[in-house]
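Hi,

Here is the structure I said I would pass on. Have a look at it first, and then read on for what turned up.

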Amino acid sequence: MQVARETVVTIEYTLTDDDGDVIDSSAGHDPLAYLHGAGSIVAGLEAALEGKSAGDAVTVAVAPGEGYGDHDSELVHVAGRDQFPGVPKIEVGMQFRTGSEQDSMVVTVVALEGDQVTLDANHPLAGVTLNFDVKIVAVRQATANELAHGHPHGKDGTDHHH
Ligand code: ZN
């Protein structure tokens, strides 16, 4: 069976950036099962897997536009340290949730200089080329239940715990 809409695809994968650093990997975990065509994996990877079969290996470089988007410099802001009254020590890499409950976003501290804290609200992988190394483990037809839910229920479609 080939990867197509309404199939559940099980993959092993390693994701690296252009420096060769591993961003994410299924190594040491169960392989990832996803419902193809539901937009649950990045668009560029979903497109590259279309038409492939179990046993196939797929290597694809997904440009930011087909991944987590380009880096938007308008989402980078500078704040004063005094805007973080409850935080005794601010460090690069810290993440904060800002905004209202309905419309919140996560910002990451990307730089510190004197009294100034630079915050970036882009997705951490925005602007990053995603290099996927994928092995397709299995492809099967999705069950009616899985299609209704929009996600797979385990390897054989019967693992339904919610
Ligand atoms: Zn479900």
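A quick word on terms before the tour: helices (H or I, at least four residues) and strands (E, at least two) are DSSP runs here, numbered from the N terminus. On that basis the chain has two helices and nine strands. Please keep in mind that this is a predicted model.

**Overall layout**

Going along the sequence, the elements come in the order β-β-β-α-β-β-β-β-β-β-α. The radius of gyration is 20 Å, whereas the globule rule gives 15 Å for 162 residues, so the chain is more spread out than a compact globule. Along the principal axes, the C-alpha atoms fill a box of roughly 60 × 35 × 30 Å. As for burial, 33% of the 162 residues count as buried. If you take the contacts between residues at least 6 apart in sequence, 61% of them join residues at least 24 apart.

**The cores**

In soluble globular proteins, nonpolar side chains tend to be buried together. Here the largest nonpolar core has 20 residues, and the ones with the most contacts inside it are I11, L45, L49, F132 and V134. Two or more residues each come from β1, α1 (43-49), β4 (57-62) and β9 (130-141). The largest share is that of β9, with five residues. There is also a second, separate core of nine residues, with V107, V109, V117 and A121 among them.

Two members of the largest core deserve a click in your viewer. Start with L49, which sits in helix α1. L49 counts as buried because its relative accessibility is 0%, and the cut-off for buried is under 20%. Leaving out residues up to four places away in sequence, L49 touches V3, I11, Y34, I41, V58, V134 and I136. One of these partners, I11, is 38 residues away along the chain, and the C-alpha atoms of L49 and I11 are separated by 9.9 Å.

Then try F132. With residues up to four places away in sequence not counted, F132 touches T14, L15, V42, L45, V58, T59, V60 and V62.

**The largest pocket**

How big is the volume of the largest pocket? The value is about 190 Å³. The lining is made up of 13 residues, and Y13, D24, I41, Y68 and F132 are the closest to the centre. So F132 turns up again, as does I41, one of the residues that L49 touches. Two elements, β1 (7-16) and β2 (22-25), give two or more residues to the lining. Of the elements, β1 gives the most, with three residues. If you care about the chemistry of the lining, the count is eleven nonpolar, one polar and one charged.

**Spots in the loops**

A few places outside the helices and strands bring distant parts of the sequence together.

- G55 is in the loop between α1 and β4. The C-alpha atoms of G55 and V137 are separated by 5.9 Å, although the two are 82 residues apart along the chain. Neighbours within four places aside, G55 is in contact with K135 and I136. With a relative accessible area of 49%, G55 is partly exposed.
- D72 is in the loop between β4 and β5 (76-80). From D72 to N122 it is 50 residues in sequence but 6.7 Å in space, C-alpha to C-alpha. D72 counts as partly exposed, at 32% relative accessibility.
- D115 is in the loop between β7 (104-113) and β8 (116-120). G80 is 35 residues from D115 in sequence and 5.8 Å from it in space, C-alpha to C-alpha. Apart from neighbours within four places in sequence, D115 is in contact with A79, G80 and R81. D115 is partly exposed too, with a relative accessible area of 47%.

**One backbone oddity**

Most residues other than glycine have a negative phi. Which residue has a positive phi of about 70 degrees although it is not a glycine? That is E6, in the segment before β1. E6 is partly exposed because its relative accessible area, 39%, lies between the 20% and 50% cut-offs.

Cheers

Notes. Residues are numbered from 1 along each chain as its sequence is written. This is a predicted model: local features need pLDDT of at least 70, side-chain atom pairs count only at pLDDT 80 or more; totals for chains, interfaces and linings use all residues. Side-chain values use heavy atoms; hydrogens and water are left out. On a 1 Å grid over the protein atoms alone, a cavity is a set of points where a 1.4 Å probe fits but cannot get out, and a pocket is an open set with protein on both sides within 12 Å along at least five of seven lines; lining residues have an atom within 4 Å of a point. Grid points are joined across faces, edges and corners, and a volume is the space filled by probe spheres set on the points. Ala, Val, Leu, Ile, Met, Phe, Trp, Tyr, Cys and Pro count as nonpolar, Asp, Glu, Lys and Arg as charged, and the others, Gly among them, as polar. Buried means under 20% relative accessible area, exposed over 50%, partly exposed in between (1.4 Å probe, protein chains only). Contact means heavy atoms within 4.5 Å. A nonpolar core is a set of buried Ala, Val, Leu, Ile, Met, Phe, Trp, Tyr and Cys residues joined through side-chain atoms within 4.5 Å. The radius of gyration is taken over C-alpha atoms; the globule rule is 2.2 Å times the number of residues to the power 0.38.
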